[in-house]
Amino acid sequence: QVQLVESGGGLVQAGDSLRLSCAASGRTFSRQDMGWFRQAPGKERAFVAALRRSGSSTYYSDSVKGRFTISRDNAKNTVYLQMDSLKPEDTAVYFCAARLTPTYIAGSLARREMYEYWGQGTQVTVSS
């Protein structure tokens, strides 16, 4: 069983930066693919970014590409989402997700149903 705990959310102004953290329990973190998703009020949970367990491949949604960066620190069992140049449309609850079972299907890490574990989420609000 993997437990994920997000932190770092808050209220910021447009153009500001935030760094979200997701701490994972257990000894399998280095063997997990990790992802970030977000859910705005009245909308479905949407893919933001993902990082393969090897750390060699990252994936981003078009809406955040060039502004957000996903990274991991296996020594700390933590994955990060650095969010720069924030916009009001980035306002959402951000969720961390993990997948332990390996997958080699192209684009699979952008699909929420591929993840086996989820955190409770952290609110990010960007004011204009």
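In this predicted model, the side chain of Tyr60 makes a polar contact with the backbone of Ile70. A polar atom of that side chain lies 2.9 Å from the backbone nitrogen of Ile70. Tyr60 itself sits in strand β6, residues 58–60. Ile70 is also among the residues that Tyr60 touches, neighbours up to four places away in sequence being left out. The others are Phe47, Val48, Ala49, Lys65, Phe68 and Thr69. Gly119 gives a sense of scale. The C-alpha atoms of Tyr60 and Gly119 are 19 Å apart, with their positions 59 residues apart in sequence.

Now turn to the sheet. Four strands form an open sheet in the order β1-β3-β8-β7, and the pairing is antiparallel. Which strands lie at the edges? They are β1, residues 4–7, and β7, each of which pairs on one side only. On average, neighbouring strands here are turned by 15° against each other, with direction ignored.

Strand β8 is a good place to pause. On one side, six bridges join β3 to β8, and the two strands run antiparallel. Ser21 has Tyr80 as its bridge partner in β8. Leu18 stands opposite Met83 of β8. On the β7 side, six bridges join β7 to β8, again antiparallel. Here Ser71 stands opposite Tyr80. Tyr80 thus faces Ser21 and Ser71. How far is β8 enclosed by the rest of the structure? Five of its six residues are buried, so the strand is largely enclosed.

The turn between β7 and β8 deserves a look. These two strands form a hairpin with four residues between them. Asn77 lies in this loop. Its phi is near 55°, a positive value in a residue other than glycine. Most residues other than glycine have a negative phi. Asn77 is buried, with a relative accessible area of 18%; the cut-off for buried is under 20%.

A second positive phi appears after β8. Ser85 is found in the loop between β8 and β9, and its phi is near 50°. Is Ser85 buried or partly exposed? At a relative accessible area of 42%, Ser85 is partly exposed.

Asp90 belongs to the loop between β8 and β9 as well. Its relative accessibility is 0%, so Asp90 counts as buried. What does its side chain reach? One partner is the side chain of Arg38, in a polar contact at 2.9 Å. Another is the backbone nitrogen of Lys87, which the Asp90 side chain reaches at 2.8 Å. Setting aside neighbours within four places in sequence, Asp90 is in contact with Arg38, Arg67, Phe68, Ser85, Val124 and Val126.

Next comes the nonpolar interior. In soluble globular proteins, nonpolar side chains tend to be buried together. The largest nonpolar core here has 28 residues. Which members touch the most others? They are Leu4, Trp36, Leu81, Met83 and Tyr94. Seven elements are spelled out as giving two or more residues to this core: β3 (18–24), β4 (33–39), β5 (46–51), β7 (68–73), β8 (78–83), β9 (92–99) and β11 (122–127). A second, separate core has seven residues, including Phe37, Ala50, Met114 and Tyr115.

Met83 links several of these themes. Beyond four places in sequence, Met83 touches Asp16, Ser17, Leu18, Leu20, Arg67, Phe68, Tyr94 and Val124. One of these, Leu18, is the residue that stands opposite Met83. Another, Tyr94, is named with Met83 among the core members that touch the most others.

Last, the covalent link. How many disulfides does a search of the whole structure find? There is one. The disulfide joins Cys22 to Cys96, with an S to S distance of 2.1 Å. Cys22 lies in β3 and Cys96 in β9, so the pair ties together parts that are 74 residues apart in sequence. The torsion about the S-S bond is about -80°, so this disulfide is left-handed. Both Cys22 and Cys96 are buried.

Terms used:
Residues numbered from 1 in each chain as written. Predicted model: local features only at pLDDT ≥ 70, side-chain atom pairs only at ≥ 80, totals over all residues. Heavy atoms only, no water. Core = buried A, V, L, I, M, F, W, Y, C linked by side-chain atoms within 4.5 Å. Buried < 20%, exposed > 50% of the residue type's maximum accessible area, 1.4 Å probe, protein only. Contact = heavy atoms within 4.5 Å. Pairing = 2+ DSSP bridges. Axes fitted to C-alpha atoms, helices over the stretch in contact; angles between N-to-C directions. Disulfide = S-S within 2.5 Å. Polar contact = N/O pair within 3.5 Å; in protein donor to acceptor, adjacent residues only side chain to side chain.
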